[in-house]
Amino acid sequence: MLMWIFLGIIVVLVIIYVVIYNGLVAARMHTQEAWSQIDVQLKRRNDLIPNLLETVKGYAKYEQSTLQKVVGLRNQLMTVSDDDPQAKMEISNQLSNSLKSIFALSEAYPDLKANQQYQQLMEELTNTENKIAYSRQLFNTTTANYNSKLQMFPTSIVANLSHFKPAVFLETPEAEKSVPKVSFDD
């Protein structure tokens, strides 16, 4: 009889371990899926950039340094490994800031602003930038959920035994956290 009780306890512990382990795997997969969504949006933006640059080239002949910076950052972003999400997002943030310069070109070139293809590309890029921001938020939320599971008892025991590692949050660069200086002097 004692053997059956001991065997029953072992079976219950194994079932608990398996359930917790599978929960950790699912949480880790959600984090990886969230990163994948960011990656998809970054690729979409990278695919739109050549069309935007081609449209802008004819109008903004004097803006070559801006265009070259965007191309350089786009190429750099495409070479960064998916194993380093923080580095990828830092370059992505630089690219987003450079794209703002191109968005502003329409004010200096009214013919460009009236160009239908430019307007369509700008709308698509704006939508993509919004999707990237949402995807970053989703990634950090799933990362928080996964990392919380790694630290909670009894899940932490299974996580340590199975060598689960915490995921890294995407952080906002310090330059973007600061409040912009506004001057009302003319």
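I take contact to mean heavy atoms within 4.5 Å, and I keep to that meaning throughout these entries on a predicted model.

**Entry 1: Phe139**

I began with Phe139, which lies in helix H5. Leaving aside its neighbours within four places in sequence, I find Phe139 in contact with Thr31, Ala34, Trp35, Ile38, Val168 and Leu170. I then asked whether Phe139 is buried or exposed. Its relative accessible area is 4%, and because buried means under 20%, I enter Phe139 as buried. I also looked up a distance along the chain: Phe139 and Glu123 are 16 residues apart in sequence, and their C-alpha atoms are separated by 24 Å.

**Entry 2: Thr143**

Next I turned to Thr143, which is likewise a residue of helix H5. What does Thr143 touch, if residues up to four places away in sequence are not counted? I noted Thr31, Ala167, Val168 and Phe169 as its partners, so that Thr31 and Val168 appear in my list for Thr143 as well as in the one for Phe139. The relative accessible area of Thr143 is 0%, and I therefore record this residue as buried.

**Entry 3: the nonpolar cores**

I then looked up how the buried nonpolar residues group together. The largest nonpolar core has 29 residues, and within this core Leu52, Val56, Leu99 and Ile102 have the most contacts. At least two of its residues come from each of helix H1 (2-57), helix H2 (64-79), helix H3 (85-108) and helix H5 (116-151). Which helix supplies the largest share of this core? H1 does, with nine residues. Apart from this core lies another, of nine residues, among them Ile20, Leu24, Tyr146 and Ala167. As background, I note that in soluble globular proteins nonpolar side chains tend to be buried together.

Because Val56 is named among the residues with the most contacts inside the largest core, I listed its partners too, again not counting residues up to four places away in sequence: Val56 touches Leu67, Ile102, Leu105, Leu112 and Tyr118.

**Entry 4: H1 against H2**

For this pair I found that the axes come within 11 Å and cross at roughly 160°, which makes H1 roughly antiparallel to H2. I have the crossing down as left-handed. On the H1 side the contact involves Leu42, Arg45, Asn46, Ile49, Pro50, Leu53, Val56 and Lys57, and these meet Leu67, Val70, Val71, Arg74, Leu77 and Met78 in H2. Sorted by class, the contact of H1 with H2 has ten nonpolar, one polar and three charged residues.

**Entry 5: H2 against H3**

Here the axes of H2 and H3 come within 9 Å and cross at roughly 155°, and I therefore enter the two helices as roughly antiparallel to each other. H2 passes H3 in a left-handed crossing. The contact is made by Thr66, Leu67, Lys69, Val70, Leu73, Arg74, Gln76 and Leu77 from H2, together with Lys88, Ile91, Ser92, Gln94, Leu95, Ser98, Leu99, Ser101 and Ile102 from H3. I count these by class as eight nonpolar, six polar and three charged.

Lys69, a residue of helix H2, deserved a separate check, and at 51% relative accessibility it counts as exposed. Its C-alpha atom and that of Leu99 are separated by 9.5 Å, although the two residues are 30 residues apart along the chain.

**Entry 6: H3 against H5**

I looked up one further pair. H3 and H5 pack at an angle of about 150°, with their axes 12 Å apart, and the two are therefore roughly antiparallel to each other. The passage of H3 across H5 is left-handed. I list Met89, Asn93, Ser96, Leu99, Ile102, Phe103 and Ser106 of H3 as making this contact with Tyr118, Met122, Leu125, Thr126, Glu129, Ile132 and Arg136 of H5. These residues divide into eight nonpolar, four polar and two charged.

**Entry 7: backbone details**

Finally I went through the backbone. Where is there a cis peptide bond? One joins Phe153 and Pro154, with omega about 5°, and Pro154 sits in the loop between H5 and helix H6 (155-161). I also noted His163, whose phi is near 60°, a positive value in a residue other than glycine. Its place is in the loop between H6 and helix H7 (174-177), and at 59% relative accessibility His163 counts as exposed. I set both down because most residues other than glycine have a negative phi, and most peptide bonds are trans.

Terms used
Residues numbered from 1 in each chain as written. Predicted model: local features only at pLDDT ≥ 70, side-chain atom pairs only at ≥ 80, totals over all residues. Heavy atoms only, no water. Core = buried A, V, L, I, M, F, W, Y, C linked by side-chain atoms within 4.5 Å. Buried < 20%, exposed > 50% of the residue type's maximum accessible area, 1.4 Å probe, protein only. Helix = DSSP H or I, 4+ residues; strand = E, 2+ residues; numbered from the N terminus. Axes fitted to C-alpha atoms, helices over the stretch in contact; angles between N-to-C directions. Parallel < 35°, antiparallel > 145°, perpendicular 65-115°, else oblique. Left-handed = near helix turned anticlockwise from the far one by under 90°. Nonpolar A, V, L, I, M, F, W, Y, C, P; charged D, E, K, R; others polar.
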